[in-house]
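Visitor: I would like to go through this model and ask how each label is earned.

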Amino acid sequence: MVLRIIKAMKSRITGNLASLRQRIQQAEQRYQRLPGSVQLLAVSKTRPTADILTAAACGQRHFGENYVQEAVTKITSLAEQNLIWHLIGPIQSNKTRLIATHFHWVHSVDRPKIARRLSEQRPSHLPPLNICLQINISREASKSGLSLSGLHGAARQIAGLPNLRLRGLMAIPQRHTCFEQQRIPFHRLRQALRSLNDEGMELDTLSMGMSADVEAAIAEGATMVRIGTDIFGPRD
Ligand SMILES: *Cc1c(COP(=O)(O)O)cnc(C)c1O
């Protein structure tokens, strides 16, 4: 009985991943994006390691987590899988050492102070930590992130830190069901990335798009989409 349930969950994740990859490919084609230019980040917060192993067995390499302690337990127990771990949740300054030690990417940096701590605490035997700055693109009080007006100053400070590599921008826009409405904040994020690159930065990452708005994000240039529900099912 239990075995049968485990098998059914495995094949559900496998099937979801296959159809999601197809959705991403079709969106790449439809919006004249290069094939393979959109990377899939599987958001595995609250999911057991067995689900992550199932996705990894289907070739999924990049995983996103929100809660540092939960993530570190998974990262440690799955060390032999050589997966690439992304932190996408809010950051408390007392967690920066754990983050700098265990993650490959951090998408949710929203102030220079956090970036300085991550740079100082990045172990010297590891390559630079990849960083995206989180932008509060829909200016919602409930969401963290830099404002667009504060972005240039913060980016300049963070780009100079020795043990980080500033890669791009991340946002979680306000929910809309209308495709054209979904595109607007993604478009603003893309313009913000372009304006930083016009200043001489070499940023290559737009982390945007979740289960409900992945096509709109790809239409506007997403290079990394963060998907949980459409891979692993609804969270409790
Ligand atoms: C949970 C989460 C996701 C995934 O959301 P789904 O709707 O489950 O695809 C993506 N990005 C962030 C920052 C999240 O916290």
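Visitor: Which residues are around the ligand?

Guide: In this predicted model, the residues around the ligand are Val43, Lys45, Asn66, Ile88, Ile172, Met210, Ser211, Arg226, Ile227, Gly228, Thr229 and Arg235. Each counts as near because one of its heavy atoms lies within 4 Å of the ligand.

Visitor: What makes the pair of Ser211 and the ligand a polar contact?

Guide: A polar side-chain atom of Ser211 is 2.6 Å from an oxygen atom of the ligand. The cut-off for a pair of N or O atoms is 3.5 Å, so the pair qualifies. Thr229 also has a polar side-chain atom 2.6 Å from a ligand oxygen. With Gly228, a polar backbone atom lies 2.8 Å from an oxygen atom of the ligand.

Visitor: How much of the ligand does the protein bury?

Guide: The ligand taken alone exposes 390 Å², and the protein buries 91% of that area.

Visitor: At what angle do the axes of helix α6 and helix α7 cross?

Guide: The axes of α6 (residues 148–159) and α7 (residues 179–198) cross at roughly 30 degrees and come within 11 Å. The crossing is right-handed.

Visitor: Which residues make the contact of α6 and α7?

Guide: Leu148, Leu151, His152 and Ala155 of α6 meet Arg188, Ala192, Ser195 and Leu196 of α7.

Visitor: Why is Arg188 of α7 called the charged residue of this contact?

Guide: Arg counts as charged by definition, so Arg188 falls in that class. The contact has five nonpolar, two polar and one charged residues.

Note on methods. Residues are numbered from 1 along each chain as its sequence is written. This is a predicted model: local features need pLDDT of at least 70, side-chain atom pairs count only at pLDDT 80 or more; totals for chains, interfaces and linings use all residues. Side-chain values use heavy atoms; hydrogens and water are left out. Axes are lines fitted to C-alpha atoms, for helices over the stretch in contact, and angles run from 0 to 180 degrees between N-to-C directions. Helices (H or I, at least four residues) and strands (E, at least two) are DSSP runs, numbered from the N terminus. A crossing is left-handed if the near helix is turned anticlockwise from the far one by less than a right angle, and right-handed if clockwise. Contact means heavy atoms within 4.5 Å. A polar contact is a pair of N or O atoms within 3.5 Å; within protein, one must be able to donate a hydrogen and the other to accept it, and residues adjacent in sequence count only if both atoms are side-chain atoms. Accessible areas come from the Shrake-Rupley method with a 1.4 Å probe; for residues, only the protein chains shown count as cover.
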